Amino acid sequence: MILDYVSIFPEFFAPLQLSLPGKAVAKGLVTFGVHDLRGYTTDRHRTVDDSPYGGGAGMVMKPGPWGEAFDDLTGPGTTIVFTTPSGEPFDQRMAEELAGAEHLLFACGRYEGIDQRVLDHARERAVVREISLGDYVLNGGEVAALAITEAVVRLLPGFMGNAESLVEESHADGLLEYPVYTKPASWRGHEVPEVLLSGDHGRIAAWRRAQAEARTAERRPDLLARTGVVSGLGDLDVR
Ligand code: 6GU
């Protein structure tokens with residue numbers, strides 16, 4: 001998979017060389033390209049923004065540099081991802097969809113947004129997704145693009161050593177993950193639940209499922225409505 005990033009702050013993408021994404025590069029699963037939007041300007045001041053038509057606060061990103069960047073970077077298999085707080089909410093299912101793409105081109109906006117014609121024009125030549133990380137405002141889309149990248153790259157075939165941990169973790173089954181414990185069995189007066197020491201795999205599986213459901217009912221009742229789990233909070237203390 002090829003992942004490209006267009007931004008006025010290319011330094012934000014230094015973490016792509018680290019840890020998990022860096023490992024994916026080493027394994028030959030992905031290649032990353034980081035592109036300075038100002039490199040696609042033509043004026044002496046390398047201008048990327050201007051005041052909004054119709055008035056109002058803040059600045060809007062000019063269409064010209066984005067058009068040049070897409071001319072340079074878009075090919076037949078490209079999906080252009082605009083990271084924006086007005087996008088579709090990002091979730092695990094969307095990460096799985098994006099993991100099937102050949103080429104992701106992240107367009108990271110700043111200021112009050114990008115001229116709408118950039119998106120309209122992009123839709124004429126590529127698959128376009130507008131994606132939000134959640135209901136809060138970041139100063140720009142760079143951190144969001146990094147988060148989406150990490151969620152997507154770890155799903156690529158051959159990335160994870162242990163395929164089971166992909167299936168068992170939070171959200172793969174629509175529930176939050178059950179609590180986990182390791183040695184020692186007693187620590188600062190807190191004990192590991194007895195069932196986990198029992199060696200009874202049936203009881204352990206049932207306990208974990210009940211914990212996952214109770215936790216989800218308490219913290220994310222919206223998820224339970226989607227998975228169709230009915231029980232929810234029983235007598236379990238999920239904290
Ligand atoms: Cl994707 N971008 C920005 N700028 N702010 C956000 C966001 C994205 N998701 C939540 N807030």
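**Entry 1: exposure at Val137**

Before looking at single residues I fixed the terms: a residue counts as buried if 20 or more other C-beta atoms lie within 10 Å of its own, as exposed if 12 or fewer do, and as partly exposed in between. I also note at the outset that this is a predicted model.

I began with Val137, which I found in the loop between strand 7 and helix 5. Is Val137 buried or exposed? Val137 has 7 C-beta neighbours inside 10 Å, and therefore counts as exposed.

**Entry 2: Leu138 and the UniProt record**

I then turned to Leu138, whose place is also given as the loop between strand 7 and helix 5. Because Leu138 has 16 C-beta neighbours inside 10 Å, I put it down as partly exposed. Leaving out residues up to four places away in sequence, I found that Leu138 touches Val143 and Ala144.

I looked up the record as well: in an unreviewed entry, UniProt lists Gly109, Leu133, Gly134, Asp135, Tyr136, Val137 and Leu138 under "binding site".

**Entry 3: around the ligand**

How many residues surround the ligand? I wrote down 14, and the closest are Thr83, Pro85, Leu133, Leu138 and Ala144. The elements that give two or more residues to this shell are strand 5, at 78-89, and strand 7, at 127-132. Strand 5 supplies the largest share, with four residues. When I sorted the residues of the shell by type, I had seven nonpolar, seven polar and no charged.

Two of the names here had come up before: Leu133 and Leu138 are among the closest residues to the ligand, and UniProt includes Leu133 and Leu138 in its "binding site" list.

**Entry 4: the largest nonpolar core**

Next I looked at the largest nonpolar core, which has 36 residues, and in which Val81, Phe106 and Ala107 have the most contacts. Two or more residues of this core come from each of strand 1 (2-7), helix 2 (63-73), strand 5, strand 6 (103-108), helix 4 (116-125) and helix 5 (142-153). Which element gives the most to this core? I noted helix 5, with six residues.

I followed up Ala107 in particular, and, not counting residues up to four places away in sequence, I found that it touches Val6, Trp66, Ile80, Val81 and Phe82. Val81 is thus both a contact of Ala107 and one of the residues with the most contacts inside the core.

Strand 5 also appears in two of my entries, since it gives two or more residues to this core and the largest share of the shell around the ligand.

**Entry 5: backbone exceptions**

Most residues other than glycine have a negative phi, and most peptide bonds are trans, so I searched for exceptions to both.

Tyr111 has a positive phi of about 55 degrees although it is not a glycine, and I located Tyr111 in the loop between strand 6 and helix 4. With 16 C-beta neighbours inside 10 Å, Tyr111 counts as partly exposed.

Arg188 likewise has a positive phi, near 50 degrees, and lies in the loop between strand 8 and strand 9, the latter at 190-191. Arg188 has 5 other C-beta atoms within 10 Å, so I entered it as exposed.

Which residues does a cis peptide bond join? I found Lys183 and Pro184, with an omega of about 5 degrees, and Pro184 lies in the loop between helix 6 (163-168) and strand 8 (186-187).

**Entry 6: domains**

Last, I checked the domain assignment, which gives domain 1 at 2-153 and domain 2 at 174-227. Taken over C-alpha atoms, the centres of domain 1 and domain 2 are separated by 38 Å.

Definitions and conventions
Residues are numbered from 1 along each chain as its sequence is written. This is a predicted model: local features need pLDDT of at least 70, side-chain atom pairs count only at pLDDT 80 or more; totals for chains, interfaces and linings use all residues. A residue is near a molecule or strand if its C-beta atom, placed from the backbone, lies within 6 Å of it. Ala, Val, Leu, Ile, Met, Phe, Trp, Tyr, Cys and Pro count as nonpolar, Asp, Glu, Lys and Arg as charged, and the others, Gly among them, as polar. A nonpolar core is a set of buried Ala, Val, Leu, Ile, Met, Phe, Trp, Tyr and Cys residues joined through C-beta atoms within 7 Å. Two residues are in contact if their C-beta atoms, placed from the backbone, lie within 7 Å. Domain bounds come from an automatic or database domain assignment. UniProt positions are given in the numbering used here, feature names are shortened, and annotations may be inferred rather than shown by experiment.
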